[in-house]
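Let's take a look at some charged pairs and at the empty space inside this one. Here is the model.

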Amino acid sequence: MKNSIFSFLVQLVLFYFIMITFSCDKVKVLDTRTEKDKKTTVPAIAKPDEASIDTLEYNRLMLHLSNNDSTGKWPVKTPYPLPGALLPYNRIIAFYGNLYSKRMGILGELPKKEMLKKLQSEVTKWQEADSTIKTIPALHYIAITAQGAPGKSNLHRMRMPFKQIDTIVSWAKSINAIVFLDIQVGHSSVKDEVATLESYLKLPNIHLAIDPEFSLKNGEIPGTKIGTFKADDINDAIDILVKIVRENNLPPKILIVHRFTQGMVTNYKKIKTVPEVQIVMDMDGFGSKVLKKSTYVRYIHKEPVEFTGFKLFYKNDNKNGWQMYTPEELLQLTPKPIYIQYQ
């Protein structure tokens with residue numbers, strides 16, 4: 001009897017030992033499999049469109065901007081931006097111009113203090129008109145201007161001195177504004193002219209704008225004909241900005257592309273949309289409200305790229321009995337513009 005009990009106890013101990021060993025091995029196998037799964041499903045660097053931003057908030061704001069568009073064009077399906085993206089989390093209100101000329105825009109027309117005060121007033125008006133999106137100021141400076149004369153380069157363009165750009169950057173800093181450097185290439189190219197501004201574009205608060213109106217590819221004199229950009233021209237700017245963002249670990253750059261005719265931008269479907277660059281197609285014509293809305297619908301709404309802008313002229317939109325759009329009126333557009341430029 002004692003032998004039987006002893007034998008039973010030995011078998012019972014062996015049984016528990018085997019079960020414990022098996023369980024431990026099973027746990028080890030499960031742990032190994034979990035680690036393997038982690039290695040295959042989680043990339044070393046998180047993808048911007050998966051983990052970098054609050055995608056729910058991004059989608060909500062993009063839907064808000066689409067203004068119940070019924071055509072299916074808006075919001076545009078593009079990659080999510082890198083962290084630190086300004087759009088669509090902010091609406092940008094910009095003053096445009098050049099310090100050499102009072103005729104080129106409000107930025108160079110008024111004295112500094114008066115101009116900055118007026119800009120901040122416009123920012124307040126827009127914030128009150130749409131509290132859903134934060135409104136921020138910007139100075140939009142024409143850093144390279146098209147010229148009627150060929151100049152020393154024979155390219156019908158003039159590059160502004162860096163000290164002028166430094167002045168604009170300093171002014172912007174005083175009101176916590178961002179800066180856009182605008183390029184009118186004349187007979188030059190986007191690639192060559194953007195390259196001259198790379199030292200500024202490496203700064204996180206400085207962005208880029210390019211103007212096809214003054215891109216004359218067949219030798220015409222700027223101002224005598226409306227110019228054009230192909231998608232390739234715009235993509236050249238995008239490629240440079242992507243390189244700058246990646247090499248300097250920057251948040252996305254914004255690229256403004258002006259437009260008010262069909263021919264100013266061709267092959268729009270081939271314009272790249274990437275996480276490093278946020279593209280704004282800016283409706284850049286002056287005239288009556290009816291004409292401007294029609295232009296916006298035909299060239300901005302119908303040919304979607306990513307975001308939209310709308311330009312307002314303090315003088316040219318208020319002559320001939322016309323009246324400049326108010327923020328409340330522009331917010332009725334589909335899609336709602338995220339970038340507003342005053343000239």
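## Salt bridges within helices

Glu-57 is partly exposed, with 27% relative accessibility (buried is under 20% relative accessible area, exposed over 50%, partly exposed in between, with a 1.4 Å probe and protein chains only). Its partner in a salt bridge is Arg-60, with the closest N and O atoms 2.9 Å apart (a side-chain nitrogen of Lys or Arg within 4 Å of a carboxyl oxygen of Asp or Glu). Arg-60 is partly exposed too, at 41%. The two sit three residues apart in helix 3, so about one helical turn separates them (helices are DSSP runs of H or I, at least four residues, and strands are runs of E, at least two, numbered from the N terminus).

This is a predicted model, where local features need pLDDT of at least 70, side-chain atom pairs count only at pLDDT 80 or more, and totals for chains, interfaces and linings use all residues. Residues are numbered from 1 along each chain as its sequence is written, and side-chain values use heavy atoms, leaving out hydrogens and water.

Helix 9 holds a pair as well: Glu-247 and Lys-243, four residues apart, about one turn. Their side chains meet in a salt bridge at 3.0 Å, N to O. Glu-247 is exposed at 56%, while Lys-243 is partly exposed at 47%.

## A longer link and a network

Asp-233 and Lys-217 form a salt bridge at 2.9 Å, N to O. This one ties together distant parts of the chain, 16 residues apart: Asp-233 is in helix 9, Lys-217 in the loop between strand 5 and strand 6. Asp-233 is buried at 14%, whereas Lys-217 is partly exposed at 41%.

Arg-157, Arg-159 and Glu-193 join up in a salt-bridge network. The total count is 14 salt bridges.
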